[in-house]
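Colleague: I am new to this one and would like to learn how to read it. Could you show me the model and take me through some features?

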Amino acid sequence: MSQPNIIISSQDLHRLETMLEHQTTQSSTMQHLENELARAEVVDPENIPKNVVTMNSRVSITIAPSTDSVEIVLVYPHDFTGDKSQVNILAPVGAAILGLTEGQSIEWPQPDGQLMKIKIEKVIYQPE
C-alpha cells in the first residue's frame, strides 16, 4: 500500500483520537485511520499549508479507474447529515484523504479487501 507523507493539525489529531477512543466497535477503516494518525506529521492549525486536506475541508478528488473528479467535504460522524457531498472520516474515502496534499495519491483498502486509488485534485476550501 502506497503511503505518502501526511500532515495533520494538532486540533484534528486530538479530536480524532478522542472520537476513536469512544467508539464501541473497531472497523478495519478505523484501524487504518489510527495507523495514519500515528505516522502523520502533526503541526499547529495555523501552520497547516493551504493545500492540505483537514477536517471540514472541501476537496476535489478522483477515485481510479474513474477520471471524473468529485467534490466532497470531509466531516466528523456527528456532523454527517447524509448530504451527498459529505464524506464521513470513518468511511474509507474519508480516512484515506485526511492529511494529503494537492496532487498526492494514496492506495487505501476497502472493506471488501480491494484497494482503491484516490488522488487529491484540489483543496477548494480549508478551515485552518
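Colleague: Let me start with Lys117: is it buried or exposed, or something in between?

Modeller: Accessibility is read in three classes: buried means under 20% relative accessible area, exposed over 50%, and partly exposed in between, with a 1.4 Å probe and protein chains only. Lys117 counts as partly exposed because its relative accessibility is 42%. Please keep in mind that this is a predicted model, where local features need pLDDT of at least 70, side-chain atom pairs count only at pLDDT 80 or more, and totals for chains, interfaces and linings use all residues. Residues are numbered from 1 along each chain as its sequence is written, and side-chain values use heavy atoms, with hydrogens and water left out.

Colleague: Where does Lys117 lie, and which residues does it touch?

Modeller: Lys117 belongs to strand 7, residues 115–125; strands (E, at least two residues) and helices (H or I, at least four) are DSSP runs, numbered from the N terminus. Contact means heavy atoms within 4.5 Å. Leaving aside residues up to four places away in sequence, Lys117 touches Thr62, Ile63, Ala64, Ser105, Ile106 and Glu107. Its C-alpha atom is also separated by 9.4 Å from that of Ala96, 21 residues apart along the chain.

Colleague: Which residue in strand 7 is the bridge partner of Glu107?

Modeller: That is Lys117. Two strands pair if DSSP finds at least two bridges between them; strand 6 and strand 7 are joined by five and run antiparallel. Their hairpin has five residues between the strands, and there Gly113 takes a positive phi near 95°.

Colleague: What is the strand order in the open sheet?

Modeller: The five strands follow the order 5-4-3-7-6, with mixed pairing. Strand 5 (86–88) and strand 6 (105–109) are at the edges with a single partner strand each, so one side of each has no neighbour in the sheet. From one strand to the next, the twist averages 45°. Further in, strand 3 and strand 4 run antiparallel and are joined by four bridges, with Arg58 partnered by Val73 in strand 4.

Colleague: How should I read unusual backbone values?

Modeller: Most residues other than glycine have a negative phi, and most peptide bonds are trans. Here Asn56 has a positive phi near 70°. Asn56 sits in the loop between strand 2 (41–43) and strand 3 and, at 29% relative accessibility, is partly exposed. The peptide bond from Ala64 to Pro65 is cis, with omega near 10°, and Pro65 is in the loop between strand 3 (58–63) and strand 4 (70–75).

Colleague: And at what angle do helix 1 and helix 2 pack?

Modeller: Two packed helices are described by the angle between their axes and the distance between the axes. Axes are lines fitted to C-alpha atoms, for helices over the stretch in contact, and angles run from 0 to 180 degrees between N-to-C directions. Helix 1 (residues 10–21) and helix 2 (residues 28–39) pack at about 145°, their axes 11 Å apart. Leu13, Leu16, Glu17 and Leu20 of helix 1 meet Met30, Leu33, Glu34 and Leu37 of helix 2.

Colleague: Which UniProt feature is placed at residues 4–43?

Modeller: The unreviewed UniProt entry places "domain: Regulator of nucleoside diphosphate kinase N-terminal" there; UniProt positions use the numbering used here, feature names are shortened, and annotations may be inferred rather than shown by experiment. That span is 60% helix and 15% strand, with end C-alpha atoms 17 Å apart.
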